[in-house]
Amino acid sequence: MTIIGIAGGTGSGKTTVVKKIVEALPPHHVAVVPLDSYYNDTTHMTEEERHQINFDHPDAFDWKLLHKQVVQLKKGERIEQPTYSYVKCNRLEETVTVEPKPVIIIEGIMTLVDRKLRNMMDLKIFVDTDSDERLIRNIQRDVTERGRTVEDVLNRYLEVLKPMHEQFIEPTKKYADIIIPQGGDNLRGIGIICKYIEGIV
């Protein structure tokens, strides 16, 4: 089993890179584990308290559960992956069954932050995209999919996303085995990674 970590700022094109890798490998060869599914369970909090959480800080994630489930996958065991609602700012009751596959991709902004998780990975990738491009993608996504106003997105970017990116995400670039500039638009870079993965699985 090959464990691949894919990190990068929000809106960098990580999902596109993951999709291209999945498409390049044989059918049913890859399981994708999104880091976003492992935000902490906030059932004990009020709705107001949940909306105050900084979801772009490492403390927002349930690393312990993620470590445990990655170990289970490596042992050949299926897991019940949590699901998360951005609208409710909490986990949902439903879980997603993830079967162990030859390739496991862990994808998310903080994927390379946690040392214990990094040590489980066979390949670490950082998707690097210009900050202006990432901001535009964030506006498009959050307004369309998460019901936020442009003003909300811009304020959140300046107050939370940008400082958290600079403090926690950008520094993890040094842990990457491969850096993909221009994100999901770098088809040549993604193609090279796909060929490499095909050779090791």
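**Exercise 1. Decide whether Cys89 is buried or exposed, and work out which residues surround it.**

Solution. Cys89 has a relative accessibility of 6% and therefore counts as buried, where buried means under 20% relative accessible area, exposed over 50%, and partly exposed in between, with a 1.4 Å probe and protein chains only. The model is a predicted one, in which local features need pLDDT of at least 70 and side-chain atom pairs count only at pLDDT 80 or more, whereas totals for chains, interfaces and linings use all residues. Residues are numbered from 1 along each chain as its sequence is written, and side-chain values use heavy atoms, with hydrogens and water left out.

The next step is to place the residue: Cys89 is in the loop between strand 3 and strand 4, helices (H or I, at least four residues) and strands (E, at least two) being DSSP runs numbered from the N terminus. When neighbours within four places in sequence are left aside, Cys89 is in contact with Thr42, Arg50, His51, Phe55 and Tyr84, contact meaning heavy atoms within 4.5 Å. As a distance to set beside this list, the C-alpha atoms of Cys89 and Thr43 are separated by 9.4 Å, although their positions lie 46 residues apart along the chain.

**Exercise 2. Describe the surroundings of His51 and of Ser85.**

Solution. Begin with His51, which is found in the loop between helix 2 and helix 3 and is partly exposed, with a relative accessible area of 45%. Its contacts, leaving aside neighbours within four places in sequence, are Val87 and Cys89. From C-alpha to C-alpha, His51 and Tyr86 are 10.0 Å apart in space and 35 residues apart in sequence.

Then turn to Ser85, whose place is in strand 3 (residues 79-85) and which, at 11% relative accessibility, counts as buried. With neighbours within four places in sequence again left aside, Ser85 is in contact with Asn90 and Leu92.

**Exercise 3. Find which residues Ala24 contacts beyond its sequence neighbours.**

Solution. Ala24 lies in helix 1 (residues 14-24), and its relative accessible area of 32% makes it partly exposed. Leaving aside neighbours within four places in sequence, the contacts of Ala24 are Cys194 and Glu198. For the pair Ala24 and Cys194, a separation of 170 residues along the chain goes with a C-alpha separation of 6.3 Å.

**Exercise 4. Establish how many salt bridges the structure holds, and which parts of the chain some of them tie together.**

Solution. The structure holds six salt bridges, each defined as a side-chain nitrogen of Lys or Arg within 4 Å of a carboxyl oxygen of Asp or Glu. One of them joins Asp62 and Arg91, with the closest N and O atoms 2.9 Å apart. Asp62 lies in the loop between helix 2 (47-50) and helix 3 (63-74) and Arg91 in strand 4 (residues 90-98), so this pair ties together parts that are 29 residues apart in sequence.

Another joins Lys124 and Asp177, whose closest N and O atoms are 3.8 Å apart. Because Lys124 lies in strand 6 (residues 123-128) and Asp177 in the loop between helix 6 (150-169) and strand 7 (178-181), the parts tied together are 53 residues apart in sequence. Lys124, at 15% relative accessibility, counts as buried, whereas Asp177 is partly exposed at 45%.

A further bridge links Asp128 with Lys173, the closest N and O atoms being 3.0 Å apart. Here Asp128 lies in strand 6 and Lys173 in the loop between helix 6 and strand 7, so the pair ties together parts that are 45 residues apart in sequence. Salt bridges that share partners join Asp128, Glu170 and Lys173 into one network, and within it Asp128 is partly exposed, with a relative accessible area of 24%.

**Exercise 5. Characterise the chain as a whole, from its elements to its overall dimensions.**

Solution. The chain contains seven helices and seven strands, and from the N terminus on its elements run β-α-β-α-α-β-β-β-α-β-α-α-β-α. Its radius of gyration, 17 Å, is close to the 17 Å that the globule rule gives for 201 residues, so the chain is as compact as a globular protein of that length; the radius is taken over C-alpha atoms, and the rule is 2.2 Å times the number of residues to the power 0.38. The C-alpha trace spans about 45 × 35 × 30 Å along its principal axes.

Finally, 45% of the 201 residues count as buried, and among contacts between residues at least 6 apart in sequence, 74% join residues at least 24 apart.
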